[in-house]
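Trainee: I should like to understand the terms used for this structure. May we go through them one by one?

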Amino acid sequence: MNRRELMKFFGIGGAMALGGNSAFAQSAAADRLSVALAVNLPSLDPHFTTAVVTRQIGCHIYETLLTYNADYNLAPMLAETWSTSEDGLTTSVTLRPGLRFHDGSPVTAMDAVASLERWRGLSTVGKSAFADVTAITAVDERSLTITATAASSALLEALASPTQAAAIMPAAVARAAGKNEITSFIGTGPYRLQSWQKDQYVTLERFADYVALEAPPSGLGGRKEALIAEIRFDFVTNAPSRIAGLQSGEYDFVDDVPPDNFKTIAAIPGITTYIGKPSRQNIMFFNCGRGVFSNPAIRKAANKALDLDSIMLASAARPDFYRIDPGLMFREQTLWHSDAGAELMNLKDPEGAKADLKAAGYAGQPVVILTSREYQYLYRASLVIQQQLMMIGMNVKLEVYDWPTLLEKRRNASAWDIFFTFAGIYAHPTQITFVDSRKGYPGGYANAEVDARLDRLAATVDRAAAAALFHEVQALYRADVPTVKLGDMFALAASGQQVKGFDFFFDLHFWNVSLSR
Amino acid sequence: MLAYVLKRTFSVVPVFLVVLLVSFLLTHLTPGDPARVILGDTATEEEVWELRDRMGLNAPLIVQFFRYSSDLLQGDFGDSVFLKIPVTEAFLQHLAPTVSLTLLAQAVAIVIAIPFGILAAMKRGHWPDHLFSATVLVGVSIPSFWLGLLVIRFFAVQLGWLPAGGYVPMTEDPWAHLRYMILPASTLGFIQSALIARMTRSAMLEVMTQNYIRTARAKGTSRWRVILIHALRNALIPILTSIGLSLTIMISGSTITEAVFNIPGVGQLIVNAVLRRDYEVIQGAILMITVIFVLINLVVDLLYAAINPVVRLR
């Protein structure tokens, strides 16, 4: 019995449910938001890890100089103003006046410099965007300059990236930690860390001295207000337990509800559902460096066979939780999104694929798919893809591992032919990890023309010109078929009706959210 | 008696050595690496390598093993990479919920199992016995996650009597602690009771056919006195074995029940440690569980000797 059947069996969220009207809803603290997250928190160091859950909690504690508004354009956060010199080599940033850290100390340009120095040494985004940066200097208490040997459009975008964010922390904390994880978690955000019981929960409390922006909220930018005094994040890895907790009133908000449950949950009175769009794209990686798929013709033949709709339906369980889209960047990121390569995907032509495969010289060599049950949506996709490739005569073997083993296995180029992963939202094309061959992502894809265009893109400050270059990058990349983008998959979260004003952008965040019990 | 205790105690040393070696090799030879897990999926190979170096994971395996063993001899189980605390401390923290859950569940199990086991034995072949057999079959076969979700569904979601999951330490609020424990302990206890009840029934049946029972009845001792005083005491050894067995199973972490009810116990500690390759925690927890296993077995053995003097002589 799989999880979906199980949930149906229990009727979790079914007609008999009483919703959040149990004794516990009333007993919940009036001014505390209780959130159930799906994953354990490995680290609260924003510079250190790319883990999603670190961002989900960290964004309440930490802030960056710049951020993104609802249109995915740069917006100020700690910075009041910023500018780039005519030649593009010098970037100046001035901090807003009166900012305070959670320990009460003022935020100075020196803190920003120390934080950026640490971040650029740890963060993947920072390393590439700041590769040509020679100096980060504090000019006075509130302003700093970043000097580089080459102009880069990636620099400001990297400062705003929510993943492995260029969070500003006190200089003393940043220097003391260096390349190790920080041990004191002092930021500037509307909430500050109250307690962290490892593997159980994190509680945040309102930061009374927070200085909010005047501008109306938009995306991750604008005015942020801690309307709720305390937020508690519980780590509840078992999805049915999260849902039962929401219904019994233990949790006000639960993340990562399997879309299979959408219909039943949406039907419960007193429960509000949120569809996170965009959220992530599911990607199938070919091993371009070694084995069967080092032959591009075989990759293309396999791609021709795939019916992405049935694959994504298996992943997302419902047609309204996915879309087929060729974009390396999401459709909502209007500047960067491109339809290049759309004609090369979702071809659903097994007969043609069979002929192409024969012509390409495929002679029944084994194809190893690495997969993992930890991400059910990837696992289900891998089963359907195995079927579709077997239909065209490929000799496909599924190897199922736990996720850390899979990550390790895929480092060994001779151990696999296909694996699956998902990518979240990249703020800027230069942050995509798997297109640029020099980033060394597993799969061994390399195209000098793609790399050259990415370099030009990074050096192009004019956004329209950069977008045109990125369009070319995507066209070249899609034509090579190093990966198959299976589709965009949307996220599902749910809350009790007492939660007001939640807005899904990039991920969860609970400033400007209120409770009415 | 002392010689018996000493003999039993020293026989566990080789067990520890084997467990140490096997747990070390299993954790280190399994693919996957903590540095990759800490840094996240999109970190580059270079960054992972750098962190591995700082964590001492790039040293040859044999060097790592001797480093670990010599630390161990000094009582140092190492630090958890993720929890940032010594493994001993992490283990003890997670042991508290597990011990509480185990004891409560065991109490539930015994309260259900022994009376019903005796009753079934007494009414052998009649309807209480058939009902008993059917219930035991359900208890043995029912998966704990299913039963867990079922009780959450009923008692937490529909009736709203008890929390759906979570944990409050006893030191913080004993009453809340108990409220959070009732559902998981009953779930686990019900399942464990099936095993003990079956053992009780068969042990009682065996004893009841003995001559001394007939003698006791013949000399006019009341039926219930014979059952509870004469028969039960002699049936206790297999019952104790099954209780000891279920204790050891539960104390090493009722992983699934803990996951369903979100209780931060030993099972969760180990599963999390395995998923993120927290080597020190996996090894340390396995070793400490071995100690507990051995201790429980030792206590059960000594109890045998106390109940039945014949055991001592063997």
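Mentor: We may begin with the lining of the second largest pocket, which has 17 nonpolar, 14 polar and nine charged residues. Here Ala, Val, Leu, Ile, Met, Phe, Trp, Tyr, Cys and Pro count as nonpolar, Asp, Glu, Lys and Arg as charged, and the others, Gly among them, as polar. The model is predicted: local features need pLDDT of at least 70, side-chain atom pairs count only at pLDDT 80 or more, and totals for chains, interfaces and linings use all residues. Residues are numbered from 1 along each chain as its sequence is written, chains are lettered from A and ligands numbered from 1 in the order in which they are written, and side-chain values use heavy atoms, with hydrogens and water left out.

Trainee: Why is the meeting of A:E181 and B:K84 called a salt bridge?

Mentor: The term requires a side-chain nitrogen of Lys or Arg within 4 Å of a carboxyl oxygen of Asp or Glu. The side chains of A:E181 and B:K84 are 2.9 Å apart, N to O, so the pair satisfies the rule. Across the interface of chain A and chain B, the rule finds four salt bridges.

Trainee: What makes residues of chain A and chain B count as in contact?

Mentor: Their heavy atoms must lie within 4.5 Å. By that rule, 53 residues of chain A are in contact with 47 residues of chain B.

Trainee: How much area do chain A and chain B bury between them?

Mentor: They bury about 4300 Å², 51% of it on carbon and sulfur atoms. Buried area is the accessible area (1.4 Å probe) that two parts lose on being put together, summed over both.
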